[in-house]
Amino acid sequence: MNKQNQGPLVHIVKRGVMPWYFGWSIRALAIVLALVACGIISSLVTGENAVEIYTAIIDGSFGSKRKVWVLLQNVAMLLCVALALTPAFKMKFWNLGGEGQALAGALASAACMILMKDMPNALVISCMVITSILAGALWGAIPAVFKAKFGTNETLFTLMMNYVAMQIVAYYSVVWENPKGSGNIGVINPNTMVGWFPQVGSSKYLLNIIIVAVLTIGMYIYLKYSKQGYEIAVVGESERTARYIGIKVDRIIIRTMLISGAICGIAGLLLVGGTNHTLNADIVSGRGFTAVMVAWLAKFNPIWMVFTSFLLVFLGRGAGEIATDFGLNQAFGDILTGIILFFIIGSEFFITYKISFRKSGRKEDK
Amino acid sequence: MFDFIVSFFPRAIAQGVPLLYGSTGEIITQKSGNMNLGIPGVMYVGGICGVIGAFVYEQSLPSPDALNPVLAVLVPTLSCLISSLLMGLLFCFLTVTLRANQNVTGLAMTTFGVGLGNFFGGSLIKLAGADIPFLALSATSNCFKKSLPVADKLGWFGEMFLSYSFLVYLSIAIALVASYIINRTRTGLHLRAVGENPNTADAAGINVNRYKYMATCIGCMIAGLGGLYYVMDYASGIWANNAFGDRGWLAIALVIFTIWRPNVGVLASFLFGGLYILHMYIPSGMNLAVKELYKMLPYVVTIIVLIISSMRNQRDKQPPASLGLAYFREER
């Protein structure tokens with residue numbers, strides 16, 4: 001077993017700069033493989049053939065006009081949270097607190113709707129916008145201040161802030177419960193519709209979608225072309241370099257988290273004012289976590305995020321449709337989402353690294 | 001007051017044990033520099049695979065009386081351990097071998113694990129074509145719940161300290177052993193070196209990837225037992241979807257709260273267990289809302305500990321230095 005003179009059998013090297021389509025074709029391949037795996041698993045579980053499974057997945061998103069709107073609304077909301085997290089992630093600040101920041105925004109707008117129910121609609125809506133943005137920004141800034149001043153671990157801090165926000169919302173769900181004793185807030189102002197966003201066009205979801213579309217473009221420009229976006233990128237790449245060239249890292253961290261939290265707050269605002277018109281601790285329904293994956297899969301590029309959030313929502317709804325059609329549990333969607341994520345996460349390796357096998361000497365050794 | 005303690009203490013411990021398993025597993029994992037946010041998912045998977053094992057075993061019996069207590073404990077435990085090991089291997093393969101981002105992988109694993117638990121919890125009966133109305137494995141659960149026979153005879157002392165099942169004592173034993181290994185043995189020293197500075201560890205001849213794999217897989221298996229304890233003992237073998245709740249995240253909170261020390265985790269987990277159920281004991285009268293605020297306590301306490309430990313900046317009270325970073329030898 002003399003292996004002294006040989007290199008290892010498998011050697012991993014970092015790739016040089018590859019053309020942009022290289023990475024995306026590997027990712028597309030991973031998605032296709034993941035879909036095949038999902039089809040096989042679904043077939044095994046339901047006993048149906050693969051064609052019916054895929055038909056059901058597509059049917060879940062495009063089966064009817066209403067389903068298409070719901071799909072677009074879910075894409076928009078997920079995208080909104082993902083957009084919010086992006087500047088923080090670019091700065092290598094792991095903001096896992098999207099859930100809590102969006103909840104803070106949702107709580108603020110619901111509070112305006114409930115406490116100001118006798119005021120004119122325009123005033124209520126402007127208050128909702130301001131307070132929810134402030135609430136989200138505040139919730140995001142708390143971990144940022146401690147990170148900037150003391151280097152407190154932000155991943156864990158933001159994670160814990162989610163549950164604090166959830167319990168505060170649960171508290172107010174009981175305080176504002178309607179009807180009494182139900183333990184949850186029903187639809188707020190169902191008759192006067194105070195604080196409900198006006199309906200634009202044919203669907204109540206259209207306004208949300210437009211707002212998120214504007215945000216997407218805004219975030220793209222902000223990150224790519226503004227001075228602040230550049231500062232974020234520098235801090236993310238190397239904090240020492242940033243300090244050396246005179247960027248005040250503390251200020252960037254806090255400012256970026258204010259923006260991140262504020263956009264999460266907008267997501268909460270849109271959920272409460274735009275569509276649900278109610279508040280409960282589950283209103284963000286895990287988007288704060290899914291958005292982390294959306295943003296990461298798109299390599300923090302807002303435009304690609306449209307596709308990644310569409311992909312995840314599409315598959316989630318498709319899996320839900322399979323579950324309904326074949327009488328399975330709705331959690332089936334989570335399993336399929338997980339499998340697809342594993343494939344895409346794994347594929348990143350082959351984009352960044354190249355595996356080279358040892359050329360010769362293997363056979364003589366044996 | 002004394003009666004209150006005698007009734008409160010065992011319930012706090014029952015709540016604390018899943019947290020203790022989870023946090024011990026996560027501490028071992030994090031000591032190797034892997035931040036496994038998939039622990040909540042792993043605990044769900046451990047729980048549901050225990051249920052599946054028990055279900056298959058119970059269904060294979062000709063009659064409920066033929067239940068062999070040893071097998072009834074062994075089958076679910078093994079299926080729980082194997083499934084958690086697989087989850088650990090998946091995490092390691094993606095983050096260590098393929099160097100994927102640990103936060104993203106962990107969150108994906110949580111989505112997957114919670115989905116798997118709820119899916120099989122809701123569909124197992126339908127998939128297996130069994131003719132029982134709902135998933136209640138009370139026969140298996142009774143085997144898990146066996147406690148020392150002397151506990152009843154010793155009054156309050158027995159109730160407070162001896163009335164638990166073997167999984168409770170096992171959780172304490174694992175935590176103490178883990179603490180000993182991490183702080184007092186060479187293996188533990190190497191493990192900490194890998195978590196603090198993998199470059200140095202690698203230069204010293206420590207196999208970084210092997211330590212990361214071992215620590216994460218063992219950590220996942222321990223965490224999986226927490227899920228098993230929850231279903232089989234605490235919930236008496238009845239699986240309800242999402243009943244496990246946010247305990248997985250609390251376990252991660254506990255890791256910070258104990259500042260990465262499993263032996264402190266024994267007491268801290270019971271404290272968290274107490275905080276978790278404290279709201280049931282608050283004589284708040286008609287004000288249900290305040291109870292929701294009490295549920296916030298464990299998280300607030302964790303945040304405070306996190307802040308204080310970072311402010312004091314003592315070197316032995318910090319997270320492992322390379323926590324959350326993938327290691328690639330050729331990258332300096």
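Two residues are in contact if their C-beta atoms, placed from the backbone, lie within 7 Å. With that in hand, welcome to a set of close-ups of a predicted model.

**Figure 1. Where chain A meets chain B.** The contact draws 40 residues from chain A and 41 residues from chain B. On the chain A side, helix H5 (121-150), helix H6 (154-175), helix H11 (287-297) and H13 each give two or more residues. Which of these elements gives the most? That is H13(A), with 13 residues. Sorted by class, this side of chain A holds 27 nonpolar, 11 polar and 2 charged residues.

**Figure 2. Chain A at a glance.** Here we step back for a moment before zooming in again. Chain A has 14 helices and 2 strands, and its C-alpha atoms fill a box of roughly 85 × 60 × 35 Å along the principal axes. Of its 366 residues, 48% count as buried. Among contacts in chain A between residues at least 6 apart in sequence, 77% join residues at least 24 apart.

**Figure 3. The two domains of chain A and the side on which they touch.** The domain assignment splits chain A into domain 1 (1-48 + 326-366) and domain 2 (66-323). Their C-alpha centres lie 32 Å apart, and 13 residues of domain 1 are in contact with 9 residues of domain 2. On the domain 1 side, helix H1 (20-46) and helix H13 (332-352) of chain A each supply at least two residues. H13(A) gives the most to this side, with 7 residues. The residues on the domain 1 side divide into 7 nonpolar, 6 polar and no charged. H13(A) is worth following from view to view, as this helix also gives the most to the side of chain A that touches chain B.

**Figure 4. The largest nonpolar core.** This core has 212 residues, and A:Cys80, A:Val81 and A:Ala267 touch the most other members. H10(B) provides the largest share of the core, 17 residues. Where does the core lie with respect to the domains of chain A? Both domain 1 (1-48 + 326-366) and domain 2 (66-323) of chain A give residues to this core, so it lies between them. A closer look at A:Val81, leaving aside its neighbours within four places in sequence, shows contacts with A:Gly98, A:Ala102, A:Cys264, A:Ala267, A:Arg287, A:Gly288 and A:Ala291.

**Figure 5. Helix H4 of chain A, a mostly covered helix.** H4(A) runs over residues 98-115, and at 1.5 Å a residue its 18 residues should span 26 Å. The end C-alpha atoms are 26 Å apart, which agrees. Of the 18 residues, 15 are buried.

**Figure 6. Helix H7 of chain B and its two sides.** For the 19 residues of H7(B) (residues 166-184), 1.5 Å a residue gives an expected span of 27 Å; the end C-alpha atoms are 26 Å apart, which agrees. B:Leu167, B:Ser171, B:Ile172, B:Ile174, B:Ala175, B:Ala178, B:Ser179 and B:Ile182 are buried. These buried residues cover an arc of only 160 degrees around the axis, which puts them on the same side of H7(B). An α-helix has 3.6 residues a turn, so residues three or four places apart point the same way. The buried residues of H7(B) pack against helix H1 (2-31), helix H5 (138-145), helix H8 (186-196), helix H10 (208-234) and helix H12 (262-281) of chain B. What is found on the other side of H7(B)? There, B:Ala173 and B:Arg184 are exposed.

**Figure 7. Two loop residues of chain A with positive phi.** Most residues other than glycine have a negative phi. A:Ser285 has a phi near 40 degrees and sits in the loop between helix H10 (249-276) and H11 of chain A. With 14 other C-beta atoms within 10 Å, A:Ser285 is partly exposed. A:Phe300 has a phi near 60 degrees, and its place is the loop between H11 and helix H12 (302-325) of chain A. A:Phe300 is partly exposed, with 19 other C-beta atoms within 10 Å; a residue counts as buried at 20 or more.

**Figure 8. B:Glu159 and a residue far along the chain.** B:Glu159 belongs to helix H6 (residues 155-162) of chain B. Is B:Glu159 buried or partly exposed? With 16 C-beta neighbours inside 10 Å, B:Glu159 counts as partly exposed. The C-alpha atoms of B:Glu159 and B:Phe9 are separated by 9.2 Å, although the two residues are 150 apart along the chain.

Notes: Residues numbered from 1 in each chain as written. Chains lettered and ligands numbered in written order. Predicted model: local features only at pLDDT ≥ 70, side-chain atom pairs only at ≥ 80, totals over all residues. Domains from an automatic or database assignment. Helix = DSSP H or I, 4+ residues; strand = E, 2+ residues; numbered from the N terminus. Nonpolar A, V, L, I, M, F, W, Y, C, P; charged D, E, K, R; others polar. Expected span 1.5 Å × (residues − 1). Buried ≥ 20, exposed ≤ 12 C-beta atoms within 10 Å, placed from the backbone. Arc of directions from axis to C-beta. Core = buried A, V, L, I, M, F, W, Y, C linked by C-beta atoms within 7 Å.
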